Amino acid sequence: MTDERLALLYPGSAVELCALAHSGPFQLLVATILSAQCTDERVNRTTPALFARFPTAETLASADVAEVEALIRSTGFFRTKARNLVAMATVLVERFDGRVPEDLTELVTLPGVGRKTANVVRSVAFGLPGLPVDTHVLRVSRRLGLTERTDPVGVESDLDRLVPARRRGVFSLRLILHGRATCRARRPRCRGCAFGDFCPSTSMAESCNRCD
DNA sequence: ATCCCGAGGG
DNA sequence: CCCTCTGGAT
């Protein structure tokens, strides 16, 4: 089973695998919005100053968008992200009593929050069933032959069938770690991959001069 | 399908 | 120069 082998390769719980898992639902939500098209390392370098200035939904809701822009500029897409962050915090205050909702359909009503971000919050912050499908999860699960589909929602439903509800969050985090370290988008390191005997894409990689 | 957008690697 | 990085909204 792919699940168990991944657990051996990348041991640890969600708290250990996600740097901001301990910081509460609101800060995790903010960090996840910032993480779009941005390395998590840069997000982790950005959030301390942001949370020192705006630690709660209430403070962020009344923030000056230009000040938020300045604080998050290095994460890219900073105008969109800053506008979404303030709007998101405003909706939290006005419609959710300043708290992050647990329900998926409620989460995706928040500005800047799509299905992937909503599943991150659900699984990491609340320990609820949720399997975030990002670019890594999509690519790696397809290469491993866990799904044939190309749309994130379809991939999510296929993976839901393969992984028990309680393990879906960490399963996603482990696929991401594997996608970053080994099953990279451009030059996958198939030679050193622990799934070499199992992965249907490895045979193609053998004759591929782009693979390490 | 396209736009948003900075930073770092090759 | 090129590409990629835990997406979401239009």
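Visitor: How do the atoms of DNA strand B within 4 Å of the protein divide between sugar or phosphate and bases?
Guide: First, this is a predicted model, where local features need pLDDT of at least 70 and side-chain atom pairs need 80 or more, while totals for chains, interfaces and linings use all residues; side-chain values use heavy atoms, with hydrogens and water left out. Residues count from 1 along each chain as its sequence is written, chains get letters from A and ligands get numbers from 1, in the order written. As for those atoms of strand B, the bases take the rest once you set aside the sugar or phosphate part, which is 57%.

Visitor: Which helix gives the most residues to the surface near DNA strand B?
Guide: "Near" here means that a residue has a heavy atom within 4 Å of the strand. The residues around strand B include R73, S74, F78 and R79, and by class the surface has 2 nonpolar, 4 polar and 3 charged residues. (Nonpolar covers Ala, Val, Leu, Ile, Met, Phe, Trp, Tyr, Cys and Pro; charged covers Asp, Glu, Lys and Arg; the others, Gly among them, are polar.) Helices are DSSP runs of H or I with at least four residues, numbered from the N terminus, and the one that gives the most, with 3 residues, is α7 (residues 78–95).

Visitor: Which residue has a polar side-chain atom 2.9 Å from a phosphate oxygen of strand B?
Guide: Let's go through the polar contacts, meaning pairs of N or O atoms within 3.5 Å (within protein, one must be able to donate a hydrogen and the other to accept it, and residues adjacent in sequence count only if both atoms are side-chain atoms). F77 uses a backbone N or O atom, 3.2 Å from a sugar or linking oxygen, and T80 has a polar backbone atom 3.0 Å from a phosphate oxygen. The side-chain case at 2.9 Å is R79.

Visitor: Over on DNA strand C, how far is the side chain of R186 from a phosphate oxygen?
Guide: R186 is among the residues that come nearest to strand C, along with Q37, G112, K116 and T117. Two backbone contacts go to phosphate oxygens of this strand as well: Q37 at 2.8 Å and G114 at 3.0 Å. For R186, an N or O atom in the side chain sits at 2.7 Å.

Visitor: Which helix supplies the largest share of the surface near strand C?
Guide: That surface divides into 8 nonpolar, 8 polar and 6 charged residues. At least two residues each come from α9 (115–125), α10 (135–143) and α12. The largest share, 3 residues, belongs to α10.

Visitor: How much area is buried between domain 1 and domain 2?
Guide: An automatic or database assignment sets the bounds, giving domain 1 (2–10 + 131–206) and domain 2 (14–125) in chain A. Contact (heavy atoms within 4.5 Å) joins 12 residues of domain 1 to 10 of domain 2. Buried area is the accessible area, with a 1.4 Å probe, that two parts lose on being put together, summed over both. Carbon and sulfur atoms give 67% of the total, and that total is about 890 Å².

Visitor: Which residue forms a salt bridge with E156?
Guide: On the domain 1 side, E156 joins P132 and L173 in losing the most area to domain 2. A salt bridge needs a side-chain nitrogen of Lys or Arg within 4 Å of a carboxyl oxygen of Asp or Glu, and there are 2 between the domains. With the closest N and O atoms 2.6 Å apart, the partner of E156 is R115.
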